[in-house]
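Reader: I am new to this structure and would like to be led through it step by step. Could you show it to me before we begin?

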Amino acid sequence: MTRLARFVSTGAMQIVLMAIALFWLLPVFVLFIQSLRSSGEIANSGWWTALANPSSLMVDNYRALLENPDIIRSFWNTVYITVPTTILVVAIAAGAAYALSWIKFRGRDTLLLIVVGLLVVPLQIALIPLARLFGDLGLFGTIPGVVLFHVGFGLPFAIFLLRNFFVGVPRELFESARVDGANDLIIFARILIPLALPAIASLTIFQFLWVWNDLLIAMVFADPASAPLTAAIQRQTRAFGQNVDVIAPGAFLQMVVPLFVFFAFQRYFVQGILGGAVKG
Amino acid sequence: MATAVKDNRAPRANKTGRAVVLFLKVSAFLGPALIILGALLVYPIIFTGVRSTFDASGNNFVGLANYEQIFTQPRTLIAVRNNLIWVLVVPPIITALGLIFAVLSNRLPWRSAFRMAIFMPLVVSGLAAGVTFRFLFAASPEVGTANAMVRSVAHIFQPPGEYPTARASREAPLEALEGGGFQSTISVTAGDTIYLGLVGVQANALPQEAQAALAPAATPGSVAGVVWLDFSPGGTVGEIDPAERGMPNVPVRLMSDDQVVARTLTDESGRFSFDVQSGAQHRVQLAASAFRAPHPGIAWLGPTFITIAIMIGYIWMQTGFAVVIIGAGLSSLDRELQEAARTDGATELQVFRHVTVPVLMPILMVVLVTTVINVLKIFDLVYIIAPESMQPYANVLALEMWRASFGGARDFGLGSALAMLLLIMIIPAMLFNIRNFRRSG
């Protein structure tokens, strides 16, 4: 055991780290407890008072939430926005990443650098022109419009992540397949994609979370009928005091799906962060 | 000759053919992505750049007037200033915290549980985090978690008094002191008694041990007094009525020419007494500590602290990112270097400062730059945590861009200029990324 290991395993240090971990979990726990309290209780007493009196917690807020047509519709809108976006981004990026890693053509390196550059472009830059363009196309305020915007801004990261993985695949696999007469489509679909499934899983999770959690694009490009959960709950926050019994369970509902994805696929999530960072 | 011509042309045709095939192949794989990137990213950058030089209506070219407006109007200036503060403060904190957490948890027996707790907020939306921190930062310490913590810590150093609301009764010979507490308006000397009635306290808020107030009895060598709640239904002000109780535990000071000469506490019946030399004139003080109000907490969501509150929320969300990257860097670190330093007698802190940190430096830079990029774009956390009336104080470029363009004002000229400014601020980070990428291939 090194001294560091001994230091970390001392009781005091463990207690400190335990306290930090609990502190980090606290906000999610607080939101959960608040979502089970009435708006009067939330306004007049701290969440900790409910711990002393657990019988005061109730599911009424959630029952009301599930009977709220706005929230139900926006929940499904979130699904209708998130799923197609994720599929489109993964499919389009996989093809592009293949071309950028395994087909030799002039200007490939430049294209790659452009993708790396586009990686950090703030989406604010596209809000005004695309609001106009989508308006002309009849897409403004619709789910396809929101999806299209997300696809555009999801692509650079997706291409970058998959390309990083693709270039690491050993060349010999391709050569031997080519000798056997396989063309690019076969190599792509039969060899590369199955090999890249872990990377694709990471990308899918990332893309899913990103779209599921988006607020800004939804606020600009979705109208009330096509608004996802984030935008629907945001509208409630304008009257924060009065609507806490909708806001707290609504926000928790919005958060439950990402949390589930996180706990179920933590390994792929972490790999996605590592694969997507521009390394020094 | 014919064969020679044929030989010459065949490869060329072949070459052209191959070029066509290559073109088709590349188009098939790359085409959709290029079209989308062109239409949804590259075209908007150009459009927004051009649009930023036109006025709100879009009909009149105004040159750089929109940019000038950003740097002259208070509202947008605050946004620019806040963005700079964010960039200077938050990325270093997140990187440092990430480094500390990653190093400390690296050898922890329950490392993955610890890291899971830190990673978890990464998947929480700005909306949900914003709502949560609105709760945590609620103003009243009775309701808001942050202020409840602030209050408990503050009370360790300065406990609140038992009677924060008390004030002198109409008949009491007392004046309020600057900085809290009371002083008698009359002088007392040996053999005197003094009646110090207070009001403004709920009878049921008196401490459990409080007994019926008793008249003080002075001996020839002492001063005696009583502090009591001088209020009861039908009672007379200035007199101890049967239902009135004493106020225990009030610190009383005997004063002589503004000097404290003796201290005591009132008993269950509110009585106190001091032994005094005959002839000396004294005043009596009731110390401020008995009347100190509980700590009111910090106005987290007020103009002064709003940005700090949002930053705390952001640090909670994003520290996990730094721990992921730095943690991976630590695992791939060459242990022999650290071991060699330890063998040479370096302390753990020296190893950390002179071996671990320098070796990790490129990774720390990546974390720092990535966080700078993300911090520049911050929008939803600010929008949700800051109450509408506080948004001018918490303003950042991304929020102002949304507000100017879609949140009512509909000024696409100013909005475009704000978006361009964001892009320009991000360009150094973009170049850092491109350089890094070229180096590592």
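Author: Helices (H or I, at least four residues) and strands (E, at least two) are DSSP runs, numbered from the N terminus. This is a predicted model, in which local features need pLDDT of at least 70 and side-chain atom pairs count only at pLDDT 80 or more, while totals for chains, interfaces and linings use all residues. Residues are numbered from 1 along each chain as its sequence is written, and chains are lettered from A and ligands numbered from 1 in the order in which they are written.

Reader: How many helices and strands are there in chain B?
Author: Chain A comes to 16 helices and 0 strands. In chain B, by contrast, strands do occur, and the count there is 13 helices and 9 strands.

Reader: Why is chain B said to be more spread out than a compact globule?
Author: The radius of gyration is taken over C-alpha atoms, and the globule rule is 2.2 Å times the number of residues to the power 0.38. Along the principal axes, the C-alpha atoms of chain B fill a box of roughly 145 × 70 × 35 Å. For 441 residues the globule rule gives 22 Å, and chain B is more spread out because its radius of gyration is well over that, at 36 Å.

Reader: What radius of gyration does chain A have?
Author: The C-alpha trace of chain A spans about 75 × 65 × 30 Å along its principal axes. A compact globule of 280 residues would have a radius of gyration near 19 Å, whereas the value for chain A is 23 Å.

Reader: How many residues of chain B are in contact with chain A?
Author: Two residues are in contact if their C-beta atoms, placed from the backbone, lie within 7 Å. On the side of chain A, 75 residues take part; these divide into 55 nonpolar, 17 polar and 3 charged, where Ala, Val, Leu, Ile, Met, Phe, Trp, Tyr, Cys and Pro count as nonpolar, Asp, Glu, Lys and Arg as charged, and the others, Gly among them, as polar. The number of residues on the side of chain B is 80.

Reader: Which helix of chain A gives the most to the largest nonpolar core?
Author: A nonpolar core is a set of buried Ala, Val, Leu, Ile, Met, Phe, Trp, Tyr and Cys residues joined through C-beta atoms within 7 Å, and a residue is buried if 20 or more other C-beta atoms lie within 10 Å of its own, exposed if 12 or fewer, and partly exposed in between, with C-beta atoms placed from the backbone. The largest core has 179 residues, of which A93(A), I159(A), L162(A), I326(B) and V382(B) touch the most other members. With 15 residues, the helix that gives the most to this core is α9 (residues 143-166) of chain A.

Reader: What covers the buried residues of α16(A)?
Author: Helix α16 (residues 266-276) of chain A has among its buried residues Y268(A), F269(A) and V270(A). Their cover includes α9, α12 (197-213) and α15 (244-264) of chain A, together with α7 of chain B.

Reader: In which order do the 4 strands of the open sheet in chain B lie?
Author: Strands of a sheet pair through backbone hydrogen bonds, either parallel or antiparallel, and two strands count as paired if DSSP finds at least two bridges between them. β1(B) and β4(B) run antiparallel, joined by 2 bridges, β4(B) and β5(B) pair in the parallel sense over 6 bridges, and β5(B) and β8(B) pair in the antiparallel sense over 5 bridges. The pairing is thus mixed, and the order is β1-β4-β5-β8.

Reader: Which strands are the edge strands of this sheet?
Author: Strand β5 (residues 222-229) of chain B has 6 of its 8 residues buried, so it is largely enclosed by the rest of the structure. The edge strands, each pairing on one side only, are β1 (167-168) and β8 (271-275) of chain B.

Reader: Over which residues of chain B does pLDDT stay under 50?
Author: pLDDT is the predictor's confidence in each residue, from 0 to 100. Chain B has a mean pLDDT of 88, with 97% of its residues at 70 or more, and the model scores ipTM 0.92 and pTM 0.88. Where pLDDT is low, the predicted coordinates should not be read in detail. The stretch that stays under 50, with 0 contacts beyond four places in sequence, is residues 1-8.
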